[in-house]
Amino acid sequence: MKLAALRPAGDLLLQPAPRAGVLLPLPLSGAYDYKLPKGTNVLRGLLVSAPLGSREQMGVVWGAAEGSVGDNRLKEAVPFEGHPAIPEKLCDFVDWVAQYTLSPPGMILAMVLRSGRAFEPPAMRTAFVRGGETPKRLTSARERVLALADDGLARSVGTLAEEAGVSPAVVRGLIEAGALAATELPEFPPFPVPDPTFATVELNGAQGEAADGLRGEVAAHRFAVSLLDGVTGSGKTEVYFEAVVEALRQDRQVLILLPEIALTVQFLERFAERFGCRPAEWHSDLSSKERTRVYRAVMNGEARVVVGARSSLFLPFKELGLIIVDEEHEQAYKQEDGAIYHARDMAVVRGRLEQCPVVLASATPSLESYVNATSGRYAHRRLGARHGAATMPAVRLIDLRQEKAEAGSWLSLPLREAVAAALAAGEQSMLFLNRRGYAPLTLCSACGHKMTCRDCSSWLVEHRYRKRLACHQCGYEIATPPKCPECGAEGTLIACGPGVERVAEEFAVLFPQARVAIASSDTMHGPRETQAAIRAMAKREIDVLIGTQIVAKGHHFPQLTLVGVIDADLGGSDGDLRARERTFQLLHQVSGRAGRAEKAGTVLIQTRNPKDAVMAALASGDRDAFYEQERLYRERAGAPPFGRLAAIILSGHDGGAVTDAGRALAKAAPAAKGVKVWGPTPAFYHLLRGQTRERLLVQVERNVDVQAYLRTWLAGVKLSNKVRVTVDVDPVSFF
Ligand code: ADP
Ligand code: ZN
């Protein structure tokens, strides 16, 4: 696969045209052969324009040509003049991810080439400096502009006008008079450079030890993985900032991965407080112009620190020196459509290819990372306690079987009393319920009909403010009907169970004076409202925040002392091996929002299963006991990380074809030692967006090459082209 530089020697005309395998950013089986213009320095990573059918397509020289097709039958790919090449280590990464996830390499390459314009030579923009002439007529407005321009900085007409407080016409007059002269500037202003000495903190003992270890790894320019494991508020961010400092000193770039865009705003501000400027950001919300700017700056090394969502793993860093994966246990790191990959795991791979350290940070690590750290494969860097005066909150379980609230009420008496006390003391509270909307189910009290999605096997969730019922799987919506669509009875549709809106409604009746906001990743409460609610909370403009898992993560609200969990028993979904782990992580994270500053925090958890291991671990605070027990379960079951899983999902509009394909596939599964195959079974959402879905699950022992097994298997069966086959290696969701 590796390709040495083929430099043409001797008389070019006598030489055959060089040829190469060119990878196109399309879901094709591999690279295609092309010839290249004579004299081309054929390097892996070279960007070319390649004809494909009737189109020209951007592609990348990937390796030596495979075939023996004659020159006259090969099409010619032409390198882009003056374009930078894709770094070779990034090409290697693309190959690695493709082979691991069983995706076509071109599909992974597409994630690298997402900003096509970034490869063009940067455009220039016109700006103005002081010119040679002095205008005959000098008004005070003109004088102000010239005084400004005397500092030698080049500015646009708009900037000059704004900064001098004059109209653009004044500036244009000066240009005509020759008092301002045009000059060319790059299209984008340069990225500010983070300053490691901008603000320093004095680390406590455990923090110092962890930071020393990380600094050493960064300075050594070698691959190493650390699990930075410390309770919420213990200073993990402060510690990995020290590793960032070292990388900056080494003139290397840093990638900080965050699980959700919603978390970036607070983070960017925090970074600026420490380093004097914001880092570059990379996620799906950027404008295409901003994308181009960031991409280029990452490629030429100007952007020193990038904060981004999982897709930033595919950026063309020039000299990557450190990767940090914050909240490494988050499920959001798993990309579930298109190329299915886990950004945390792939971050470790990229770190290995780039020979740089990788830091995984969490207060509730994934069991995989926990096992890797306790077995010594990763360095386990622990921060035991919260920094300074802050202590861990006291956690109390409220047994809902004893504290029966009246029907339609979701706040038990002890929780109400605690909220009242917090309000009276002028402290903030948070109520957590991992359910969007008003009610998860609407049913007819006359005939029992349940309102379900037209295209999915899921219930429609009521959104009362908008008077609509919505499918949270596909987005299908209807206006809430006045009568039952099944039996026609009027006024019989009733809401079952609570969503955050319903809790907020009850809350408003109980505490009419309190200032409340809802934060939920929802169409009604979209990212902007959520951001606003979170800001309002941070600024103490509200007393109570009612939210879904979006409020659980990362946020630091110093005045928040009470957290109430409305229903802790929601997490358990059958057949999901990580259900317990996830419930624990989520509730622990939510609890961690309480009492992060001087005032102590309290957490009240409403549950019907107070004896459950997860609830017991939360109440006792004995996290590691929970992890050890979970490790035992998994070890006995041969589940990850002690064995490996892969899912095959079959889907299609023709339900019969999907069922047949499932059977045929199961029958064709090769027998192999250490491999078990289950299914086909209908997926949890058997119908999704009108498509029928069936799943097969493969479980292998750790030493089995699951990719090789899957390849052999899938290559050996011919399935109907009405059925789509998706492979999910290391699945985290079992829907
Ligand atoms: P974590 O990332 O583990 O949740 P943070 O790094 O966010 O913890 O720290 C929690 C709070 O404590 C932050 O406001 C942080 O600035 C502060 N903090 C942590 N360590 C120190 C320290 N050594 N000196 C001063 N403040 C600290
Ligand atoms: Zn639906």
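Where is aspartate 730 found relative to strand E31?

*Solution.* Look up the strand, which covers 724–729. Aspartate 730 sits in the segment after strand E31; helices (H or I, at least four residues) and strands (E, at least two) are DSSP runs, numbered from the N terminus. Now check its backbone: phi is positive, about 55°, although aspartate 730 is not a glycine.

Some housekeeping before going on: this is a predicted model, in which local features need pLDDT of at least 70, side-chain atom pairs count only at pLDDT 80 or more, and totals for chains, interfaces and linings use all residues. Residues are numbered from 1 along each chain as its sequence is written, chains are lettered from A and ligands numbered from 1 in the order in which they are written, and side-chain values use heavy atoms, with hydrogens and water left out.

**Find the loop that holds glutamine 355, and say whether this residue is buried or exposed or in between.**

*Solution.* Start with the neighbours: glutamine 355 is in the loop between helix H10 (343–354) and strand E15 (358–362). Next comes the backbone, where glutamine 355 has a positive phi of about 55° without being a glycine. Finish with accessibility: at a relative accessible area of 40%, glutamine 355 is partly exposed. The scale runs like this: buried is under 20% relative accessible area, exposed is over 50%, and partly exposed is in between (1.4 Å probe, protein chains only).

**Work out which residues hold the zinc ion (ligand 2), and with what geometry.**

*Solution.* Go hunting for donors, meaning N, O and S atoms within 2.8 Å of the metal (3.2 Å for Na, K and Ca); water is not among the atoms, so sites may look incomplete. You'll find the SG atoms of Cys453, Cys456, Cys471 and Cys474, at 2.3 to 2.4 Å from the zinc ion (ligand 2). Then write out the spacing of these donor residues in sequence: C-x2-C-x14-C-x2-C. Now the angles among the four donor atoms, which span 105 to 113° and make the site tetrahedral. For that label, all angles among four donors must lie between 85 and 135 degrees. Last, ask about burial: cysteine 453 and cysteine 456 are both buried, and the relative accessible area of cysteine 456 is 4%.

**How many disulfides does a search of the whole structure find?**

*Solution.* Recall what you're looking for: a disulfide is a covalent bond between the sulfur atoms of two cysteines. The search criterion is a pair of cysteine sulfur atoms within 2.5 Å. The whole structure yields zero disulfides. Take cysteine 91 as a case: its closest cysteine sulfur, in cysteine 356, is 17 Å away, and that's too far for a bond. Cysteine 91 is also buried, at a relative accessible area of 0%.

**Describe how H15 packs with H17 and with H16.**

*Solution.* Take H17 to begin with. H15 (residues 579–591) and H17 (residues 623–637) pack at about 165°, with axes 11 Å apart. So H15 is roughly antiparallel to H17, since angles over 145 degrees get that name, while those under 35 count as roughly parallel, 65 to 115 as roughly perpendicular and the rest as oblique. The axes here are lines fitted to C-alpha atoms, for helices over the stretch in contact, and angles run from 0 to 180 degrees between N-to-C directions.

Then the hand: H15 passes H17 in a left-handed crossing. Left-handed means that the near helix is turned anticlockwise from the far one by less than a right angle, and right-handed means clockwise.

Now H16 (residues 613–620): its axis comes within 9 Å of that of H15, and the two cross at roughly 30°. H15 and H16 are therefore roughly parallel, and their crossing is right-handed.

**Locate the cis peptide bonds at proline 641 and proline 680.**

*Solution.* Proline 640 and proline 641 are joined by a cis peptide bond, with omega about 5°. Proline 641 belongs to the loop between H17 and strand E28 (643–652). The bond from glycine 679 to proline 680 is cis too, with omega near 10°. Proline 680 lies in strand E29 (residues 675–688).

Note on methods. Four donors count as tetrahedral if all angles lie between 85 and 135 degrees; four count as square planar and six as octahedral if opposite donors are over 155 degrees apart and all others between 65 and 115; anything else is irregular.
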